[in-house]
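Biologist: Could you take me through this structure step by step, and explain each term when it comes up?

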Amino acid sequence: MTDALQTTEFPPAEDYLGRLNPEQREAVETLDGPLLVLAGAGTGKTRVLTTRFAHILLSRRAFPGQVLAVTFTNKAAREMRERVAQLLGRPAEGLWLGTFHALCARMLRRHAEYVGLTSSFTILDTDDQIRLLKQVMEANRIDNKRWPPQGLMGVIQRWKDRGLSPERITPAEDSEFAGGRARLVYADYQARLVRLNACDFGDLMLHVTDILRTRPDVLAQYHRSFRYILVDEYQDTNTVQYLWLRLLAQKDPAQFPGQYPGGANICCVGDDDQSIYSWRGAEVENILRFEKDFAGARIVRLESNYRSTAPILAAASALIAHNGGRLGKTLRPGRNDSSGEKLLVASVWDSDEEARTVGERIEQLQRDQHPLSEMAILVRAGFQTRAFEERLITLGLPYRVVGGLRFYERAEIRDAMAYMRVLNQPADDLAFERIVNVPRRGVGDAALQALHLEAREAQVPLAMATLRLIERGTLKGRVREQLTLLMAAFARARETLARAPSDAAHVRVVEALLDETGYTEMWHRDKSPDAPGRLDNLKELVRALADFESLGGFLEHVSLVMENEENAGADRINLMTLHGAKGLEFDTVFLPGWEEGVFPSQRTLDEGGNKGLEEERRLAYVGITRARKRAIISHAANRRIYANWQSAIPSRFIDELPEEHVEQAGSAALAREQRRTAPPVFGGQFPLAARRPRTVEAPTFEAWEEPPRPKRQGSIAVGTRVFHQKFGYGIVRSAVDDRLEIEFDHAGLKRLLDSYVEPAASAS
């Protein structure tokens with residue numbers, strides 16, 4: 001050891017070890033061999049990890065630079081560094097402590113030549129990655145309209161997360177994206193990166209893992225350097241992170257006689273019951289197979305929870321016990337004052353009542369001096385926040401959306417609102433300028449400058465200037481064609497609003513406008529992970545529009561909502577998704593929307609099967625264990641989803657909560673009756689399908705799709721062959737009033753208004 005380390009006055013072991021419970025102390029003092037610490041929610045995971053780090057240094061088992069400590073976030077790394085320094089009584093210098101990518105970047109700078117780079121390589125940001133990929137796609141003559149670059153980048157990054165360089169991709173691992181040429185583009189993209197002396201974020205781990213695989217001398221160097229490895233949140237590791245850790249940890253004892261008597265000195269801390277990030281590549285199997293990967297591994301279970309009351313812990317433990325893929329542990333209260341309220345399961349008539357009930361409960365708690373900042377509303381999906389945001393605004397209760405924007409501040413909502421503003425007020429130049437090239441219509445700087453020049457010279461709004469330039473033929477080519485279609489779409493929408501007698505006309509028209517202008521299609525084509533959520537938000541916006549008698553009334557309402565300024569220093573309610581709540585805790589947690597199809601998510605069940613169901617259950621477990629004193633679950637008998645009222649069935653997760661720790665409130669009899677009459681969930685031929693709700697009132701708001709046609713009396717008959725300017729020829733499959741369902745020859749099934757198609761004979 002260094003002289004500084006030998007002469008430093010260290011705190012007595014009992015000072016820092018005496019603060020630990022027996023389980024925590026065992027995890028800290030087990031220093032030889034592989035160790036898995038299963039740390040349940042609220043059991044002191046961070047304390048164990050940092051104390052173990054400090055104990056290794058204080059017991060003189062290793063120099064600071066001989067410990068590799070890996071976290072998932074920079075914040076966690078900073079906290080660990082600060083806590084270790086506090087325990088040491090001095091700044092911790094020379095540590096290999098950081099996130100996976102930060103540590104790999106440090107390693108890659110040292111060995112860049114092995115992958116064709118120099119140590120001064122550049123790490124590209126997202127925009128630069130997409131720009132480079134577009135160039136590669138163009139060189140390979142791949143249509144980036146049919147195959148969006150963002151989607152192809154998603155395929156490439158998933159390969160990198162699985163540790164697959166282009167030459168390692170087998171036919172089984174290949175993708176059909178880009179007509180089966182994704183692997184070829186990936187190889188060209190990687191070659192371009194090397195020529196640029198650059199790498200993207202995914203390359204940091206991929207390159208280092210490849211170097212460790214192929215360069216035994218480099219691997220041996222790190223085996224000699226790192227005597228101990230500490231890993232936080234091991235349940236969230238993806239495949240390439242797992243491979244990197246395993247390469248560094250699995251040492252040959254013959255090469256290090258007497259140094260590693262128990263095998264690899266790797267300690268992984270995590271909770272298999274809180275693995276909720278499979279959608280971004282996390283593999284829960286990594287933690288489940290720890291004992292197989294590291295022979296002789298010990299497992300220490302941290303089960304004493306210092307956060308929540310006994311009823312909350314009992315309910316959470318009973319719920320997660322229904323999962324089969326877990327190592328198993330049971331949370332128990334670690335505090336002396338752990339008795340408390342039972343979980344409250346509130347059944348309400350509909351989603352509007354749910355928002356009112358939550359608001360009333362918050363007001364009641366506030367009157368009892370409960371801080372708003374110690375309350376949280378945790379939803380399964382981002383679109384659910386809107387109803388609660390508006391209710392909180394109505395009540396004058398300050399709130400903040402954690403980990404995201406408020407509903408009306410999201411980019412896709414602002415875009416859609418701009419379309420509505422132009423529809424309602426053609427002179428709204430700010431709104432028109434926002435959407436004139438969204439989605440892309442070829443309106444570049446020159447075309448936009450021409451629009452502004454015409455608007456100034458003629459003293460007319462931008463929309464009118466656009467029409468004037470189209471009529472004069474000033475605009476050419478694709479720009480003229482696309483803007484003609486855009487202006488025609490607005491004209492048709494205004495005409496329909498002016499003559500439609502239906503109360504829901506503005507809803508139908510707005511939905512059709514977003515479809516017809518290609519805005520919703522833009523997000524359907526987007527293959528990024530957040531695209532489905534953006535589509536859900538757009539559908540929720542249309543649902544909100546149905547609550548108002550007119551488009552103008554809705555726009556005025558949103559303007560007032562947006563004026564609700566938030567005070568950054570104020571006591572505010574926390575509103576977030578369940579995924580965003582991991583790692584946080586609150587005195588009171590509201591868990592709304594516990595219904596089949598909403599939670600568990602129908603999309604997750606469809607895509608993930610039983611594996612998806614178990615992750616949804618882990619998400620429910622995370623939600624419940626965020627609460628210190630009280631957890632309030634709610635479900636609605638009826639929920640309006642995207643303008644359709646549907647009868648909703650309580651989530652199967654409610655059935656799995658132990659009755660002795662649950663209190664029913666609201667229309668409990670109605671909830672129990674629904675459960676009795678619901679089809680079986682876990683039996684039958686398709687046990688994973690959600691218990692699908694029955695539509696009790698479903699006014700459909702389908703979209704029309706192209707230029708206006710003369711108004712006809714009555715709908716076109718089923719079986720009629722029709723023509724549509726954009727979609728071509730098709731057959732009418734169903735007709736209800738003026739709404740048609742048409743199977744087009746090339747565009748597939750579409751729902752349109754009858755005034756926008758013609759019988760094929762008259763159109764020819």
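Modeller: Contact, or touching, here means heavy atoms within 4.5 Å. Helices (H or I, at least four residues) and strands (E, at least two) are DSSP runs, numbered from the N terminus. The model is predicted, so local features need pLDDT of at least 70 and side-chain atom pairs count only at pLDDT 80 or more, while totals for chains, interfaces and linings use all residues. Residues are numbered from 1 along each chain as its sequence is written, and side-chain values use heavy atoms, with hydrogens and water left out.

Biologist: Which residues touch the most other members of the largest nonpolar core?

Modeller: A nonpolar core is a set of buried Ala, Val, Leu, Ile, Met, Phe, Trp, Tyr and Cys residues joined through side-chain atoms within 4.5 Å. Buried means under 20% relative accessible area, exposed means over 50%, and partly exposed lies in between, with a 1.4 Å probe and protein chains only. The largest such core has 50 residues, and the members that touch the most others are Leu541 and Phe554.

Biologist: Which helix gives the largest share of this core?

Modeller: The largest share amounts to eight residues. They come from the helix that spans residues 411–424, which is α18.

Biologist: Which residues does Leu541 touch, not counting residues up to four places away in sequence?

Modeller: With those sequence neighbours left out, the list for Leu541 includes Phe407, Tyr408 and Ile413. It is completed by Ala416, Met417, Met420 and Phe554.

Biologist: How do α18 and helix α23 cross, left-handed or right-handed?

Modeller: Angles run from 0 to 180 degrees between N-to-C directions, and axes are lines fitted to C-alpha atoms, for helices over the stretch in contact. The axes of α18 and α23 (residues 505–516) come within 10 Å and cross at roughly 115 degrees. A crossing is left-handed if the near helix is turned anticlockwise from the far one by less than a right angle, and right-handed if clockwise. For α18 and α23, the crossing is right-handed.

Biologist: How many nonpolar residues does the contact of α18 with α23 have?

Modeller: On the α18 side the contact is made by Ala416, Tyr419, Met420 and Leu423, and on the α23 side by Val509, Val510, Leu513 and Leu514. In the classes used here, Ala, Val, Leu, Ile, Met, Phe, Trp, Tyr, Cys and Pro count as nonpolar, Asp, Glu, Lys and Arg as charged, and the others, Gly among them, as polar. The contact has no polar and no charged residues, and its nonpolar residues number eight.

Biologist: Why are α21 and α22 described as oblique to each other?

Modeller: Angles under 35 degrees count as roughly parallel, over 145 as roughly antiparallel, 65 to 115 as roughly perpendicular and the rest as oblique. The axes of α21 (residues 462–472) and α22 (residues 477–499) come within 10 Å and cross at roughly 130 degrees, in a left-handed crossing. The relation of α21 to α22 is therefore oblique.

Biologist: Which residues in α22 are met by residues of α21?

Modeller: By class, the contact of α21 with α22 has five nonpolar, two polar and one charged residues. From α21 come Ala463, Thr466, Leu467 and Ile470, and they meet, in α22, Arg480, Leu483, Thr484 and Met487.

Biologist: What is the relative accessible area of Thr209, and is this residue buried or exposed?

Modeller: Thr209 lies in helix α10 (residues 201–214), and beyond its neighbours within four places in sequence it is in contact with Val240, Leu243, Trp244 and Leu247. Thr209 is buried, because its relative accessible area is 1%.

Biologist: Gln241 is in helix α12; what is its relative accessibility?

Modeller: Helix α12 covers residues 239–249, and outside the four nearest places in sequence Gln241 touches Phe72, Phe100, His101, Met205 and Asp236. Gln241 counts as buried because its relative accessibility is 5%.

Biologist: What is the phi of Arg141?

Modeller: Arg141 lies in the loop between α7 (126–139) and α8 (149–161), and counts as exposed at 77% relative accessibility. Although Arg141 is not a glycine, its phi is positive, at about 55 degrees.

Biologist: Where does the cis peptide bond from Val438 lead?

Modeller: The bond has omega near 5 degrees. Its second residue has its place in the loop between α19 (429–435) and α20 (445–458), and that residue is Pro439.
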